[in-house]
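Me: I would be grateful for a close look at a single part of this protein: the pairing of its strands, together with the core and the disulfides around them. Please give one connected account.

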Amino acid sequence: MRREGSVAGFLLSWKLVLLLSVGQCKEVDNAPKTRQVPMSPSDFLDKLMGRTSGYDARIRPNFKGPPVNVSCNIFINSFGSIAETTMDYRVNIFLRQQWNDPRLAYAEYPDDSLDLDPSMLDSIWKPDLFFANEKGAHFHEVTTDNKLLRIFKNGNVLYSIRLTLTLSCPMDLKNFPMDVQTCIMQLESFGYTMNDLIFEWQENGPVQVAEGLTLPQFILKDESDLRYCTKHYNTGKFTCIEVRFHLERQMGYYLIQMYIPSLLIVILSWVSFWINMDAAPARVALGITTVLTMTTQSSGSRTSLPKVSYVKAIDIWMAVCLLFVFSALLEYAAVNFVSRQHKELLRFRRNHKKKSKSSEDAVDPEELADSLHHVNTDNDLNATDPLYGSMTKIYTNNHGEGEVNEGRLTSTVAVTSNPSNSKDSKTSINNAVTTGNTPGTTNTTQNLPGAVSGGVGKSTEEMRKLFIDRAKKIDTVSRAGFPLAFLFFNIFYWVLYKILRHEDVHKQ
């Protein structure tokens with residue numbers, strides 16, 4: 001009995017020990033569980049940046065201490081609307097800024113980062129970043145504010161926002177439309193000097209471009225040109241960073257719309273060189289049409305460009321094309337002038353001949369009357385004699401027509417005034433007069449102008465043929481000269497702008 005009682009007491013004591021140990025273990029297990037119960041997000045945010053937290057959004061991190069370093073990153077969502085007239089470009093970006101604010105570091109919340117509502121942006125400090133070369137900008141609010149706020153456990157803050165910006169881009173259009181433009185984007189602090197705030201580019205992927213991004217007229221080069229552009233004002237030294245976009249213009253549009261049409265117009269103006277020079281309406285109409293068309297084409301090429309004071313590549317091309325077209329019109333004017341030059345020369349000779357005849361000394365009427373009187377007296381001619389009237393008529397007609405020169409008149413007078421003439425001489429004179437006055441016969445004096453006229457007609461035809469050959473030669477030379485000159489200009493033009501100046505731009 002004693003042995004059984006001792007065994008029962010031993011077992012009872014072991015049970016009590018086990019119960020006590022189990023109870024202690026449960027207490028130990030329950031105590032940590034009560035301490036690991038997380039805070040609610042609202043309580044955590046109130047404690048982190050609420051009114052009871054002591055956080056003041058008006059004061060920058062590290063106040064009165066080292067400046068805040070803000071790393072920036074840009075993601076280009078779209079790039080386009082590059083306007084030469086206003087010299088600006090339009091871009092849609094995601095601007096991301098990241099900095100450290102020790103006041104926002106936490107350890108009570110289990111997550112490594114917190115994505116907060118954009119309305120919480122008003123509760124924290126943010127950098128006063130602005131775009132120095134911005135002309136216009138707006139936020140995006142469809143369907144909600146396109147903003148992101150993320151806070152990390154170590155106090156890092158990520159702030160991302162979507163913006164559409166219109167930025168100025170001063171352009172050098174000397175090589176237009178074979179130019180390469182450099183457009184910049186400057187990010188600057190407005191109110192904080194470099195003692196308080198410093199901007200810097202993110203180390204990994206500072207500028208990113210959306211996949212498949214294309215521009216209508218330009219090629220955006222892949223390499224990013226990142227620089228620092230610290231600004232010095234009267235109010236202090238301010239941090240500034242910039243990125244440069246190198247845009248190479250594609251001239252396919254300008255080839256189709258400007259270069260090829262103007263080239264064809266110049267070639268069309270050369271068709272007049274193969275048209276007969278006598279077809280004046282056709283050649284003049286073709287020349288004027290090409291000149292007017294080229295003028296319109298030249299004016300159209302300048303409508304989309306600013307009014308700059310220097311000469312552009314497109315201006316040189318249009319000016320030379322207009323010069324070639326205008327020269328083709330002037331070429332026909334020269335051909336027409338040369339082909340009609342023989343008429344002007346004949347008219348000049350005729351006028352000169354009339355002036356020379358009128359300037360010759362006229363025969364004195366009294367002297368002529370005395371000579372006729374002596375002739376009639378020496379030859380025993382009276383007023384009733386038929387030869388008397390014939391001699392008077394001969395001298396009168398020859399003097400009035402102005403075709404008989406002074407030598408013939410003198411020789412005739414000498415022959416008729418010789419007193420020793422015999423009857424045969426009188427007969428020969430009478431026969432000569434009778435022959436000169438007989439109808440159907442030709443006088444020697446009358447034959448002389450005819451002979452001269454025949455000689456003049458032959459020389460006129462020769463001169464006409466000479467000047468026409470010269471005019472045709474101008475057309476022949478122009479058929480080869482104009483295309484060759486235009487070909488040399490094209491070689492010089494394209495080598496200069498597509499090779500030499502293009503290499504200079506790439507070196508810069």
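Reply: In this predicted model, the bridge partner of S71 in strand β2 is Q98. That pair belongs to an antiparallel arrangement in which 10 bridges join strand β1, residues 68-83, to strand β2, residues 88-100. The two strands form a hairpin with four residues between them. In its turn, M87 has a positive phi of about 50°. Beside S71 in the sequence, C72 has a relative accessible area of 0% and is therefore buried.

Strand β2 has a further partner. It is joined by 13 bridges to strand β7, residues 156-168, and these two strands also run antiparallel. Within this pairing, F94 of β2 has R162 of β7 as its bridge partner.

The core may be considered next. The largest nonpolar core comprises 80 residues, and those with the most contacts inside it are Y89, I93, F131, M185 and L187. Its largest share, 10 residues, is contributed by helix α5, which spans residues 313-339. A second core, separate from this one, has five residues, including V335, V338, F467 and A471. In soluble globular proteins, nonpolar side chains tend to be buried together.

F131 merits individual attention. When neighbours within four places in sequence are set aside, the contacts of F131 are I93, L95, L163, L165, L167, M185, Q186 and L187. Among these, I93, M185 and L187 are also listed, like F131 itself, with the most contacts inside the largest core. Another cysteine, C321, has a relative accessible area of 0% and so counts as buried.

The covalent cross-links come next. A search of the whole structure finds two disulfides. One is formed by C169 and C183, whose sulfur atoms are 2.0 Å apart. This pair links distant parts of the chain, with C169 in the loop between β7 and β8 and C183 in strand β8 (180-189), 14 residues apart. The torsion about the S-S bond of C169 and C183 is about -80°, so this disulfide is left-handed. The relative accessibility of C169 is 1%, and this cysteine therefore counts as buried. C183 likewise counts as buried because its relative accessibility is 1%.

The other disulfide joins C229 to C240, with an S to S distance of 2.0 Å. Here too distant parts of the chain are linked: C229 lies in the loop between β12 (225-228) and β13 (231-233), C240 lies in strand β15 (residues 240-249), and the two are 11 residues apart. The torsion about the S-S bond of C229 and C240 is about -65°, so this disulfide is left-handed. With a relative accessible area of 12%, C229 is buried, the cut-off being under 20%. C240 is buried as well, at 0%. When the bonded cysteines of the protein are numbered in sequence order, the pairing reads 1-2, 3-4.

A helix completes the account. In helix α2, residues 41-49, the buried residues are F44, L48 and M49. Seen down the axis of α2, these buried residues fall within an arc of 95°, so they line one face of the helix. An α-helix has 3.6 residues a turn, so residues three or four places apart point the same way. The elements covering the buried residues of α2 include β3 (113-116) and β6 (147-152).

How values were computed:
Residues are numbered from 1 along each chain as its sequence is written. This is a predicted model: local features need pLDDT of at least 70, side-chain atom pairs count only at pLDDT 80 or more; totals for chains, interfaces and linings use all residues. Side-chain values use heavy atoms; hydrogens and water are left out. A nonpolar core is a set of buried Ala, Val, Leu, Ile, Met, Phe, Trp, Tyr and Cys residues joined through side-chain atoms within 4.5 Å. Buried means under 20% relative accessible area, exposed over 50%, partly exposed in between (1.4 Å probe, protein chains only). Contact means heavy atoms within 4.5 Å. Two strands pair if DSSP finds at least two bridges between them. A disulfide is a pair of cysteine sulfur atoms within 2.5 Å. The arc is that of the directions from the helix axis to the C-beta atoms.
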